[in-house]
Amino acid sequence: MADIQVNDNSGKGKKVRSKKQPPHVDLTPMVDLAFLLITFFMLVTTFNKPNVMDLGLPAKPKEPTNEPKNDIDLKNSISIIIGKDNRVFYHQEEQASLTDQNMLETSFDREGIRKVVQEAKAKAVKPDIFTVIIKPTDEALYKNFVDMLDEMAITKNERYGITEIRPWEQEIYDRKIGVAAASAATSGQ
C-alpha cells in the first residue's frame, strides 16, 4: 500500500519538509498465511477414531452337544444389573427367592461395586471359580458397561459372563426404578 506524497510548493522559497507519518504494518500477507496454515492442518489432520473394545466371545456350536450344562451355583456367583442413570444393582438369589429387599443397589465407586464383588468372592464356597454375571439393561450406558469390565480387571476376576437380564429380574428392577422415580417425584413436590 503505497502512499502518494504531494509537494506543496506554494511557499515562499522555504524548504519543504515531509510530514512524518507513524509507521504502519500491512497485515494482508499475514492473514493469507494464517488461512493457508489453517487449510493445510485441516487437510493433514487425522480425525478421532471411535474407541472400540474387543471382546473375545466364544463361537456358538453348530451342532448340539451332549456335554452337560454348566449351571452356575448362585452361592458361588453374583449377578450385577447395570441400569439407567448410572445405577447398579446386585443379588445372589434364585428366581423364587429374589425380592425387592434382596436386590440391592450400590454405586460404581471404590466403596461400591468393587467392595461388593470382593466381599462376595471372599464368602464364596469355591473362590477359585467365583463367577460374576453382568446383565446390562436396555437403558444402561456404554460407559457404565466399560466401567464394570474395568472393575473385573481391578478385582482380578477372570471368570465373568455377560448376558441379558432375565424377565423375573427385569420385573423387580422395574419396580426398584419405579419406586425410586415415585419417591423422587414426591420429594420434588
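These exercises walk through a predicted protein model, each with a worked solution.

The model is predicted, so local features need pLDDT of at least 70, side-chain atom pairs count only at pLDDT 80 or more, and totals for chains, interfaces and linings use all residues. Residues are numbered from 1 along each chain as its sequence is written, and side-chain values use heavy atoms, with hydrogens and water left out.

**Exercise 1. The elements**

Task: State how many helices and strands the protein has, and give their order.

Solution. Start with the definition. Helices (H or I, at least four residues) and strands (E, at least two) are DSSP runs, numbered from the N terminus. The protein has four helices and five strands. From the N terminus on, the order is α-β-β-β-α-β-α-β-α.

Next, look at burial. Buried means under 20% relative accessible area, exposed over 50%, and partly exposed in between (1.4 Å probe, protein chains only). Accessible areas come from the Shrake-Rupley method with a 1.4 Å probe; for residues, only the protein chains shown count as cover. Of the 189 residues, 24% count as buried.

**Exercise 2. The strand pairings**

Task: Find the strands that pair with E1, and give the sense of each pairing.

Solution. Two strands pair if DSSP finds at least two bridges between them. Take E2 as a partner. Strand E1 (residues 77-82) and E2 run antiparallel and are joined by four bridges. Within this pairing, Ile81 has Phe89 of E2 as its bridge partner. Now take E4. E1 and E4 pair in the parallel sense, over six bridges. Here Ile82 is matched with Pro136 in E4.

Task: Follow the pairing onward from E2 and from E4.

Solution. From E2, go to strand E3 (residues 104-106). These two pair in the antiparallel sense over three bridges. Val88 stands opposite Thr106 in E3. From E4, go to strand E5 (residues 160-162). Three bridges join E4 to E5, and the two run parallel. Ile134 has Ile162 of E5 as its bridge partner.

Task: Decide how well E2 and E4 are covered.

Solution. Strand E2 (residues 88-91) is covered on both faces. Val88 and Tyr90 are buried on one side, and Phe89 and His91 are buried on the other. E4 is mostly covered, with five of its six residues buried.

**Exercise 3. The turn and the positive phi values**

Task: Locate residues with a positive phi, including Asp85, Asn86 and Lys156.

Solution. Begin with the background. Most residues other than glycine have a negative phi. Now go to the hairpin of E1 and E2, which has five residues between the strands. Asp85 in the turn has a positive phi of about 55°. Asn86 lies in the loop between E1 and E2. Its phi is positive, about 60°, although Asn86 is not a glycine. Asn86 counts as partly exposed because its relative accessibility is 43%. Lys156 sits in the loop between H3 and E5. Its phi is near 60°, again positive in a residue other than glycine. Lys156 is exposed because its relative accessible area is 67%.

**Exercise 4. The salt bridges**

Task: Count the salt bridges and place some of them.

Solution. A salt bridge is a side-chain nitrogen of Lys or Arg within 4 Å of a carboxyl oxygen of Asp or Glu. By this rule the count is six. One of them joins Arg114 and Glu151, with the closest N and O atoms 2.8 Å apart. Arg114 lies in helix H2 (residues 110-123) and Glu151 in helix H3, so the pair ties together parts that are 37 residues apart in sequence. Arg114 is buried at 17% relative accessibility. Glu151 is buried at 7%.

Another joins Glu169 and Lys135, with the closest N and O atoms 2.8 Å apart. Glu169 lies in helix H4 (residues 167-188) and Lys135 in strand E4, so this pair links parts that are 34 residues apart in sequence. Glu169 is buried at 0% relative accessibility. Lys135 is buried at 5%.

Task: Trace the network that contains Arg175.

Solution. Arg175 forms a salt bridge with Glu171, the closest N and O atoms being 3.2 Å apart. Both lie in helix H4, four residues apart, about one turn of the helix. Asp100, Glu171 and Arg175 are linked in a network of salt bridges.
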